[in-house]
Amino acid sequence: MPKNVTEYNIREKFLKKLIDIGVIMCFLGMIEQIVVQPCIKSIMLMVILLVSLIIGHILSSNLNRTDLAAIVIGVAAIYVVFPLMYFNNGGIMGGAPVWFVLGIFYIIGIFDGIKMYLFLILAIMDDIAVYLIGYKYPKLIIPIESNFLAVLDSLFAIVFVGIFLGMIMKFQLKSYSKAREIAIYQKNETEKISASRSKLFANMSHEIRTPINTIIGLDEMILRDDTISDEVAENATVIQNAGIMLLSLVNDILDFSQIENKKMHIYDVSYNTQEMFSELISVIRNRIESKGLAFYVNIEHTLPSVLCGDPKRIKQVLLNILVNAAKYTKEGSVTLTANAESISDKRCKITVSVADTGIGIKKEVIDRIFDSFSRADSSEVNRIEGTGLGLSICKQLMDLMGGEITVDSIYTKGSVFSIVLEQDIIDGSPIGNIDFLAKKEGEHTKFRHLFEAPDVRVLVVDDNDASRMVTVKLLRGTKVQIDEANSALEALNLTSQRYYNIILLDYMMPEINGVEALQKIKQQENGLCRGSQVLLMTAEGERNVINDIMQEGFDGYIEKPLEGNRLEASIMSHIPNEFLEYCIDTHYVSEKSLAGDMQEKADVLKKKLIITTDCVCDIPIEEAKSMSVKQVYQYINTPGGRFKDTVEIGIDNISDMILNDRKKISVSAVSVEDYEDFFATRLTEAKEIIHISVAMNLGKSYYNASNAAKCFGSVNVVNSGQLSCGMRIVLKYAAQKLSEGADAKEVITMINSIQGRIKAEFLLDSIEPFYENGFVGKRKKIIFEALNLHPILVVKRSSLHIRSFMVGDFDKARVRFVKRTVKKLKGRQISDINISHSGIPVKEQELIAAIIEKNVNCDDFVIEKSSVTNACISGPGTIGIATYIDKQK
């Protein structure tokens, strides 16, 4: 119920209660007047008040004119009865002043808004006028005959008004308490309904995706068979595309629920535009051509080959539009057009249009075409199937991605739907002139398994028989030993008798679900699989829900519907190399060429182990290359565009902007999806990765990298405990250890052993960046700024802390900071001194180098510029000094 309606109902009840009490008190008042001031005037005043109350009761109860009733009673009592009672009952010596209080209370309790202020002002003016007249013309006041009667009149007024106000207050409190109870009840019921709906959609997701998984999975087994005819292959391809279309429809319904509950998220990753359009065209082509429609594709040859965005959602939007075009077009054609307009070197605007020659849309319904469950109102449309959700979801997805969707239509002639979306350019090389509709007849694709591991034991746990059968058949060619369990209880029985290298565990099962089953397997007394790799199999399509489930301790996840190569790649990444009799790179995929051909990427020789790190380690590109270290780069957002830190932009390019207007520059954090993409690419070069992360309590990098690593069985994320120049020292010794032939465990052990001997301090010009990143409170910031103090930060227990400060000119403070550090090191043999800075003058760098070389015995001294990320976070002129003493030396 709307708030104003609730308040109106409370005031209405309040007025009715007031009338009821007022009528009783009027009769008592008449008796009191007969006793105190037995005259016809006094009694008539009470009669007037009684009549006004009766009229108010009729207006409120019978005619529903509560506002008018309140005005009638208020005017009669406040502006007529109470002033006359003042003159008739002894003025201030009687009980009349108390009645004035009742009048003011009545106005505040009954009226609202301008009406309340107007009545209140008039009442106060009326009261003042009455008192002034009585003061100037005392003869107008009829005195009460005795003090006793005056006291009695005053006492009656106090008791009457006191009881009256008390009862009204009690009623008000009771009314508001009841309203609050109703509001809490409604809130709880709403939350229960929301929770029930979320559970319903989660169950729907599982129950609907499971049979789709069976259809698509078994269809893939047919397509894998080299002996099938071209006709069977064509039929199987149609089934596969129909399954994908059905899955798209299910996703629309589930996505609508996610959007309604504000739980929909956009995940930006790099994607190949050519592959995206190829997959889209492959899915929709048969549907369009089966209706006898011409299908034209015009993808501009200058379109960048690799962009950054959410390809899943972009395809979902375009597929919805293309499906609608096919549905609402009886004859003619459907045309897909795409082009790109450059915004900057690293950003472009993509425009994709779908034009059809269908029934078109009436002008009067175009404005609501993107509303939920909305469809054009015509007999033609009503005969066509559809939920009315597609375009609504498209609109909301485009809003989430920061784009727009528009429609231009002529009724009976056709429509053009267009989406416009800005995307980051990862690889700007054009896709070239491609015939997306080229097709070779009589050719069937040969499927290739990614690995064979006959000694590996796999347990498939799924309550759905068909789903288990699909999983087993898809893995049959890998030669792994597979056991099946149709419940968690059966799985626990098997894990108590036999060891399994990998357990594939379905999430939604009766009695004991996947999460509970995982905990029981890990804690099983005398269980043989407490150390096994457990992979989650889920039909839950929402990424943030999957991430929440993964926090329970799963080693990875596989999303349904299952796809052969993806399933094999996930399992292969969790199998030790010594178990693999045969394998090809996990980056091997059978991908459709733009002419419909199948091309296989050649196998490449992989390294055993590589080291990766975050770009905030402040290591020069050339040095990183010499160490064979790969970095995951953050993006720097500037008014001139979006640039990859270190690779596309350096401190020299941006130092003036950092100095003059740092707030125009921002840093895009590396998301879980970015790390997943980075690790997936690196695993095409090596079998195992050690990722040396920035200190775990400095931002989200460590946690995002760790969550991403759970998707792979061979990525180790290590907390360096350091930042900037301190990380560079960790990286140097890790690379040296790796070059000596150490394995991952030995390198990680070495990293952990040297962390405590690396000391890093940073001098900042201002506390502002430290405050902006939430490391200090406002009070400390005000003190530092007021006294112009330059904070000295130290890395301790993987966090930054203020150790001390310096005063005076910042340029001179930097030199004093270096000299103070040198003084601590004097006479000691130092293994490494690394200095990073965000743009200090060359002469000052030379002075710092001379101070260190003169006063410190150091095996390796380096002074380098910091990354733009660190410069943006710490501010211009920042200097950091990291030192390391090797105990063995």
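The chain in front of you has 28 helices and 29 strands, and I should say at once that what we are looking at is a predicted model. Of the 889 residues of the chain, 49% count as buried, and the chain exposes about 42900 Å², of which carbon and sulfur atoms supply 56%. If we take the contacts between residues at least 6 apart in sequence, 75% of them join residues at least 24 apart.

Before going into detail, a word on confidence. The average pLDDT of the chain is 80, and 83% of the residues score at least 70. There are stretches to read with care: over residues 1–8 the pLDDT stays under 50, and the model has four contacts beyond four places in sequence for them. The pLDDT also stays under 50 over residues 586–605, although for that stretch the model has 48 contacts beyond four places in sequence.

Let me turn to the interior. In soluble globular proteins, nonpolar side chains tend to be buried together. Which residues touch the most other members of the largest nonpolar core? Within this core of 48 residues, they are Phe277, Ile299, Val317, Val334, Leu336, Val352 and Ile419. Helix H9, which covers residues 311–327, gives the most to this core, with nine residues. To get a feeling for the surroundings of one of these residues, you might centre your view on Val334, which, leaving aside residues up to four places away in sequence, touches Ile288, Leu293, Ala294, Phe295, Tyr296, Leu322, Ala325, Val354, Ala355 and Asp356.

There is nonpolar material on the outside too. Tyr117, Leu118, Ile121, Leu122 and Met125 form a nonpolar patch on the surface, and together they have about 530 Å² of accessible area. One of these residues, Ile121, is found in helix H5, residues 113–136.

Now to the charged pairs, where the count comes to 21 salt bridges, and I will go through a few of them. In one, Arg347 pairs with Glu422, with the closest N and O atoms 3.1 Å apart. Arg347 lies in strand E5, residues 347–356, and Glu422 lies in strand E7, residues 414–430, so this pair ties together parts that are 75 residues apart in sequence. As for their surroundings, Arg347 is partly exposed at 24% relative accessibility, and Glu422 is partly exposed as well, with a relative accessible area of 36%.

A further salt bridge joins the side chains of Lys479 and Glu452, at 3.4 Å from N to O. Here Lys479 sits in the loop between helix H13 (465–475) and strand E10 (481–485), while Glu452 belongs to strand E8 (residues 451–452), so the pair ties together parts that are 27 residues apart in sequence. Lys479 is partly exposed, with a relative accessible area of 48%, and Glu452 is also partly exposed, with a value of 22%.

The next example stays within one helix. The side chains of Asp811 and Arg814 meet in a salt bridge of 2.6 Å, N to O. Why are these two separated by about one helical turn? It is because Asp811 and Arg814 are three residues apart in helix H26, residues 810–825. Are the two partners buried or exposed? Asp811 is partly exposed, with a relative accessible area of 40%, whereas Arg814 is buried, with a relative accessible area of 2%. Elsewhere, Glu761, Arg803, Arg820 and Lys824 are joined into one network by salt bridges that share partners.

Finally, I would point to two places where the backbone deserves a look. Glu511 has a positive phi of about 65° although it is not a glycine, and this residue lies in the loop between strand E11 (502–506) and helix H15 (514–523). Asp618, another residue other than glycine, has a positive phi near 60°, and its place is in the loop between strand E17 (610–614) and helix H18 (621–626). Which of these two loop residues is buried, and which is exposed? Glu511 is exposed, with a relative accessible area of 72%, while Asp618, at 5% relative accessibility, counts as buried.

Notes. Residues are numbered from 1 along each chain as its sequence is written. Side-chain values use heavy atoms; hydrogens and water are left out. Patches are made of residues with over 30% relative accessible area and no salt bridge: like charges are joined within 9 Å, nonpolar side chains (Val, Leu, Ile, Met, Phe, Trp, Tyr) within 5 Å. Accessible areas come from the Shrake-Rupley method with a 1.4 Å probe; for residues, only the protein chains shown count as cover. A salt bridge is a side-chain nitrogen of Lys or Arg within 4 Å of a carboxyl oxygen of Asp or Glu. Helices (H or I, at least four residues) and strands (E, at least two) are DSSP runs, numbered from the N terminus. Buried means under 20% relative accessible area, exposed over 50%, partly exposed in between (1.4 Å probe, protein chains only). A nonpolar core is a set of buried Ala, Val, Leu, Ile, Met, Phe, Trp, Tyr and Cys residues joined through side-chain atoms within 4.5 Å. Contact means heavy atoms within 4.5 Å. pLDDT is the predictor's confidence in each residue, from 0 to 100.
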